[in-house]
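Student: I should like a close look at the cysteines in this structure. Please explain the reasoning at each step, and then turn to the aromatic rings.

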Amino acid sequence: MSSSEWITWERCPRCGSSAAVGWKAATDFVDPIEFDCPGGCHLGIDEMVRNFPARDCSDPPHDQFGC
């Protein structure tokens, strides 16, 4: 797996803890590629995409990604 370009804190869909989600630019969108929950929860790629959909780089407040 490639390394993330951005990290955001999101609510874990399993336990509700604040989990780190790693994002990487892919054309006009930023896709989630990594997930790290302090509660030890693990998400498959299908669960990550369902819970953290790709974000439009140019759409505030997601322009923080600067892609």
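Tutor: In this predicted model, the count of disulfides comes to zero. The cut-off explains the result, because a disulfide requires a pair of cysteine sulfur atoms within 2.5 Å. For Cys15, the closest cysteine sulfur belongs to Cys37 and lies 3.6 Å away, which is too far for a bond. For Cys41, the closest cysteine sulfur is that of Cys15, at 3.8 Å, and this separation is again too far for a bond. Cys15 therefore appears in both of these comparisons. The surroundings of the two residues can also be described. Cys15 is partly exposed, with a relative accessibility of 39%, whereas Cys41, at 17%, counts as buried.

The aromatic rings come next. A search of the whole structure yields one aromatic pair. The partners are Phe35 and Phe52, whose ring centres are 5.9 Å apart and whose planes meet at 25°, so the pair is classed as stacked. The relevant limit is that planes under 30 degrees apart count as stacked. Phe35 belongs to strand β3, which spans residues 29-36, while Phe52 sits in the loop between α1 (45-51) and β4 (55-56); the pair therefore ties together parts that are 17 residues apart in sequence. Both rings belong to buried residues: Phe35 has a relative accessible area of 16%, and Phe52 has a relative accessibility of 5%.

Conventions
Residues numbered from 1 in each chain as written. Predicted model: local features only at pLDDT ≥ 70, side-chain atom pairs only at ≥ 80, totals over all residues. Heavy atoms only, no water. Phe/Tyr/Trp six-rings, centres within 6.5 Å; stacked < 30°, edge-to-face > 60°. Helix = DSSP H or I, 4+ residues; strand = E, 2+ residues; numbered from the N terminus. Buried < 20%, exposed > 50% of the residue type's maximum accessible area, 1.4 Å probe, protein only.
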